[in-house]
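Q: I am new to this structure and would like to learn how to read its features one at a time. Could we go through them together, with the general idea before each case?

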Amino acid sequence: RLVGWEGHPLNASLRALLTRALAPSSLSEQLTTPFIVAPAWLGTVWLVAVVVVAVIAVRTIVVSRSTDIAWATLTLTALLVSPLGWVHYLPIATGPLVAVILAGRSAGLRLAAIGVALLCVPFAWLKATAYGPVLTLTIVSCYTWGAVFLFASISSNVPNTPSATV
């Protein structure tokens, strides 16, 4: 409970995004402003977000029956739901993610392109100035949003109905 780096911009987890959105930063070098100051909500909102991501992940894996989709989904799910979802763990998902994106639909490719672009924002920009609540949720949280867009790109490449082949 005494961890002070949970809301660090390099933490791409949903917990980090929610910490930035609901609690003042405990990092002296990170000048962010929460959207609402409600740290008591953090645990509950985070658990709801974890359940939503887990349900989407399980559905994606079960419906797709693809090893590449399963590994890409599992890796990105772990990054998003873990409190320690540091952005430098994302390259672990590169192989399966590239396979899924290249074999997928154009909608998935567009989502993946947005995700990759968000992950390319230089960290120096994120610590260069103080940010208000809207920029804290958008620009400062770009790595989390990048991971979310990559996760969405995988889900969008899965057909709506289960495959007829076993």
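Q: Is Cys142 buried or exposed?
A: In this predicted model, a residue is called buried when its relative accessible area is under 20%. Cys142 has a relative accessible area of 3%, and it is therefore buried. Cys120 has a relative accessible area of 56%, so Cys120 is exposed.

Q: How many disulfides does a search of the whole structure find?
A: The general idea is that two cysteine sulfur atoms must lie within 2.5 Å to count as a disulfide. A search of the whole structure finds zero of them. The sulfur closest to that of Cys120 belongs to Cys142 and is 9.7 Å away, which is too far for a bond. Looked at from the other side, Cys142 is in no disulfide, and its nearest cysteine sulfur is that of Cys120.

Q: How many helices and strands does the chain have?
A: The chain has eight helices and zero strands, and when it is read along the sequence the pattern is α-α-α-α-α-α-α-α. Of the 166 residues in the chain, 42% are buried. One can also ask how far apart in sequence the contacting residues are: among contacts in the chain with a separation of 6 or more, 71% are between residues 24 or more positions apart.

Q: How many of the residues of H1 are buried?
A: To read a helix in this way, one takes its residues one by one and then looks at what they pack against. Nine of the nine residues of H1 are buried, so this helix is largely enclosed by the rest of the structure. The buried residues of H1 include Leu14, Arg15, Ala16 and Leu22. Their packing partners are H2, H3, helix H7 (133-137) and H8.

Q: Which residue forms a salt bridge with Arg15?
A: A salt bridge is read from the distance between a side-chain nitrogen of Lys or Arg and a carboxyl oxygen of Asp or Glu, which must be within 4 Å. The partner of Arg15 is Glu6, and the closest N and O atoms are 2.8 Å apart. A search of the whole structure finds one salt bridge. Both partners count as buried, Arg15 at 16% relative accessibility and Glu6 with a relative accessible area of 18%.

Q: Where does Arg15 lie with respect to Trp46?
A: A charged side chain can also be read against an aromatic ring, by asking whether the charge sits over the face of that ring. Arg15 lies over the face of Trp46, at 4.9 Å from the ring centre. As for rings paired with one another, the structure holds zero aromatic pairs.

Q: Which residues is Leu31 in contact with, leaving aside its neighbours within four places in sequence?
A: Leaving those neighbours aside lets one see which other parts of the chain a residue meets. Leu31 is in contact with Thr129, Ala130 and Tyr131 when neighbours within four places in sequence are set aside. Leu31 and Thr129 are 98 residues apart in sequence, and their C-alpha atoms are 6.9 Å apart in space. Leu31 is found in the loop between helix H1 (14-22) and helix H2 (42-64), and with a relative accessible area of 47% it is partly exposed.

Q: How far apart are the C-alpha atoms of Val116 and Phe149?
A: Here too a distance in space can be set beside a separation along the chain. The C-alpha atoms of Val116 and Phe149 are separated by 8.4 Å, and the two are 33 residues apart along the chain. Val116 has its place in helix H5 (residues 106-119), where, at 42% relative accessibility, it counts as partly exposed.

Q: Which backbone oxygen does the side chain of Ser153 reach?
A: A polar contact of this kind is read from the distance between N or O atoms. The side chain of Ser153 reaches the backbone oxygen of Leu150 at 2.6 Å. Ser153 is in helix H8 (residues 142-156) and is buried, with a relative accessible area of 1%. Not counting residues up to four places away in sequence, Ser153 touches Ile101, Gly108, Leu111 and Ala112.

Q: What is the phi of Arg65?
A: For this feature one looks at the sign of the backbone angle and at the residue type together. Arg65 has a positive phi of about 55°, although it is not a glycine. Arg65 is found in the loop between H2 and helix H3 (67-81), and it is exposed, with a relative accessible area of 52%.

Key
Residues numbered from 1 in each chain as written. Predicted model: local features only at pLDDT ≥ 70, side-chain atom pairs only at ≥ 80, totals over all residues. Heavy atoms only, no water. Buried < 20%, exposed > 50% of the residue type's maximum accessible area, 1.4 Å probe, protein only. Phe/Tyr/Trp six-rings, centres within 6.5 Å; stacked < 30°, edge-to-face > 60°. Lys NZ or Arg CZ within 6 Å of the ring centre and 35° of its normal. Helix = DSSP H or I, 4+ residues; strand = E, 2+ residues; numbered from the N terminus. Contact = heavy atoms within 4.5 Å. Polar contact = N/O pair within 3.5 Å; in protein donor to acceptor, adjacent residues only side chain to side chain.
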